[in-house]
Amino acid sequence: MRVPRRFVEEARERCSPREECAALLFGAGDSASRWAWMENVAKSPVEFKLDPERVYGAIVDAERLGLELVAIFHTHLGAPVPSPLDLKYMRMWPVVWIIGRVGTMELKAWRLERGVLREVDIYLS
Ligand SMILES: [Zn+2]
């Protein structure tokens, strides 16, 4: 998965331990070129919830530019590994899931393939 370096810089600037931070990444294939930061309506340091209308709006905006949703990003206080709740949502949103560890912004990307969790390599561009 190709991720713009600028996205990671923004994540370092805006994500804090106070609440999980989330973004949708858009592009084509396995390459992200744009992103939309999303409010975590759960306001929680250990989970995130997105407003479905804003998710829909961001997807429609990206589709107007010919882009599709390629990844969902959020942060963890600890290891950037999907939680049981993440796995549940990964089944509903079968794109790449990028998780960043708050503080270091160590990133890992994951995909569920037929129910099997696989790590996806990240290339910064
Ligand atoms: Zn998570």
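Strands β2 and β4 run antiparallel and are joined by 6 bridges. In this pairing, G27 of β2 stands opposite E68 in β4. The model described here is a predicted one. Strand β2 also pairs with β3, again in the antiparallel sense, over 7 bridges. Here G27 stands opposite A32 in β3. Strands β2 and β3 form a hairpin with 2 residues between them, and G29 in the turn has a positive phi of about 60°. Of the 7 residues of β2, 6 are buried, so the strand is largely enclosed by the rest of the structure.

The chain as a whole gives these strands their setting. Its secondary structure comes to 3 helices and 8 strands. Read from the N terminus, the elements follow the order β-α-β-β-α-β-α-β-β-β-β. The C-alpha atoms fill a box of roughly 35 × 30 × 30 Å, taken along the principal axes. A compact globule of 125 residues would have a radius of gyration near 14 Å, and the chain, with 13 Å, agrees with this. Buried residues make up 29% of the 125 residues. Among contacts between residues at least 6 apart in sequence, 57% join residues at least 24 apart.

A UniProt record, an unreviewed entry, lists residues 4-112 as "domain: JAB". Over residues 4-112 the chain is 29% helix and 33% strand. The C-alpha atoms at the two ends of this stretch are 23 Å apart.

The interior can be followed through its nonpolar residues. In soluble globular proteins, nonpolar side chains tend to be buried together. The largest nonpolar core in this model has 28 residues, of which L24, L25, A71, V96, W97 and I98 touch the most other members. At least two residues of this core are supplied by each of α1 (5-14), β2 (22-28), β3 (31-38), α2 (52-64), β4 (68-76), β5 (96-101) and β6. The largest share, 5 residues, comes from β2. V96 shows how separate parts of the chain meet: leaving out residues up to four places away in sequence, V96 touches M1, V70, A71, A109, W110, R111 and V120.

Helix α2, one of the contributors to the core, can be checked against an expected length. At 1.5 Å a residue, its 13 residues should span 18 Å, and its end C-alpha atoms are 18 Å apart, which agrees. Just after α2, G66 takes a positive phi of about 80°.

Before α2, the chain passes through the loop that follows β3. E39 lies in this loop between β3 and α2. With 14 other C-beta atoms within 10 Å, E39 is partly exposed. The C-alpha atoms of E39 and E53, which are 14 residues apart along the chain, are separated by 12 Å. S44 is also found in the loop between β3 and α2. S44 has 12 C-beta neighbours inside 10 Å and therefore counts as exposed, a residue being exposed if it has 12 or fewer. Leaving aside neighbours within four places in sequence, S44 is in contact with E19 and E20. Between S44 and Y123, 79 residues apart along the chain, the C-alpha atoms are separated by 29 Å.

Further along, M105 is placed in the loop between β5 and β6. M105 has a positive phi of about 55° although it is not a glycine. It counts as partly exposed, with 15 C-beta neighbours inside 10 Å.

After this loop come strands β6 and β7. Strand β6 (residues 107-113) runs antiparallel to β7, and 5 bridges join the two. W110 stands opposite E119 in β7. The two strands form a hairpin with 2 residues between them. R114 lies in the loop between β6 and β7 and has a positive phi of about 50° although it is not a glycine. With 5 C-beta neighbours inside 10 Å, R114 counts as exposed.

How many of the 5 residues of strand β7 are buried? The number is 0 for this strand (residues 116-120), so β7 lies largely in the open. Strand β2, by comparison, has 6 of its 7 residues buried and is largely enclosed by the rest of the structure.

Terms used: Residues are numbered from 1 along each chain as its sequence is written. This is a predicted model: local features need pLDDT of at least 70, side-chain atom pairs count only at pLDDT 80 or more; totals for chains, interfaces and linings use all residues. A residue is buried if 20 or more other C-beta atoms lie within 10 Å of its own, exposed if 12 or fewer, and partly exposed in between; C-beta atoms are placed from the backbone. Helices (H or I, at least four residues) and strands (E, at least two) are DSSP runs, numbered from the N terminus. Two strands pair if DSSP finds at least two bridges between them. A nonpolar core is a set of buried Ala, Val, Leu, Ile, Met, Phe, Trp, Tyr and Cys residues joined through C-beta atoms within 7 Å. Two residues are in contact if their C-beta atoms, placed from the backbone, lie within 7 Å. The radius of gyration is taken over C-alpha atoms; the globule rule is 2.2 Å times the number of residues to the power 0.38. UniProt positions are given in the numbering used here, feature names are shortened, and annotations may be inferred rather than shown by experiment. The expected span of a helix is 1.5 Å times one less than its number of residues.
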